[in-house]
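Reader: I should be grateful for a close description of the largest pocket in this model. Which residues line the largest pocket, and how do they divide into nonpolar, polar and charged?

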Amino acid sequence: MSTSVGKNLLGTFHQPRTVLIDPNVLTTLPSREYRAGLYEASSVESSKCWIVRLFEDRRREILDRDNGVVEKVIAESVRLKARL
C-alpha cells in the first residue's frame with residue numbers, strides 16, 4: 001500500500017455522540033486485563049490525584065470489582081477524559 005493514501009493522512013477523527021459502559025463486563029476479564037484497565041483509568045494527568053487517593057482508600061473493593069466503587073472510577077475517568 002502506498003504511503004500517500006490512508007485514513008491517518010486525512011486527519012479526520014470524530015468524537016462519539018454516546019459512550020455505553022457496562023461495568024458488569026469487567027467481571028468477565030482476566031485479572032491482568034482488569035488491572036491494565038485500572039492503569040488506563042489513572043493515566044489522565046488531571047485524574048491522578050483523585051484516582052490514586054481512591055485506589056489507596058478503596059483498593060480491596062476495586063480489586064474485588066465492587067460494582068459501586070468501580071462505577072465511580074469509570075464515571076470519574078470518563079468525565080475527566082471528556083474534558084480533554
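Author: The following account takes up the pocket, and then the protein around it.

The model is a predicted one. Its largest pocket holds about 280 Å³ of space. The lining is formed by 15 residues. Those that lie nearest the centre of the pocket are L26, G37, L38, A41 and I74. As for the character of the lining, ten of its residues are nonpolar, two are polar and three are charged.

Two helices deserve mention here. Both α2, which spans residues 31–41, and α4, which spans residues 67–83, contribute at least two residues each to the lining of the largest pocket. Helix α2 is also where confidence in the protein is highest, with a mean pLDDT of 87. Confidence is lowest in helix α1, residues 7–10, where the mean is 59. For the protein as a whole, the mean pLDDT is 79, and 76% of the residues reach 70 or more.

The surrounding fold consists of four helices and zero strands, and along the sequence it reads α-α-α-α. Of the contacts between residues at least 6 apart in sequence, 59% join residues at least 24 apart. Buried residues account for 23% of the 84 residues. The exposed area of the protein is about 6900 Å², and 54% of that area is supplied by carbon and sulfur atoms.

Terms used
Residues are numbered from 1 along each chain as its sequence is written. This is a predicted model: local features need pLDDT of at least 70, side-chain atom pairs count only at pLDDT 80 or more; totals for chains, interfaces and linings use all residues. Side-chain values use heavy atoms; hydrogens and water are left out. On a 1 Å grid over the protein atoms alone, a cavity is a set of points where a 1.4 Å probe fits but cannot get out, and a pocket is an open set with protein on both sides within 12 Å along at least five of seven lines; lining residues have an atom within 4 Å of a point. Grid points are joined across faces, edges and corners, and a volume is the space filled by probe spheres set on the points. Ala, Val, Leu, Ile, Met, Phe, Trp, Tyr, Cys and Pro count as nonpolar, Asp, Glu, Lys and Arg as charged, and the others, Gly among them, as polar. pLDDT is the predictor's confidence in each residue, from 0 to 100. Buried means under 20% relative accessible area, exposed over 50%, partly exposed in between (1.4 Å probe, protein chains only). Contact means heavy atoms within 4.5 Å. Accessible areas come from the Shrake-Rupley method with a 1.4 Å probe; for residues, only the protein chains shown count as cover.
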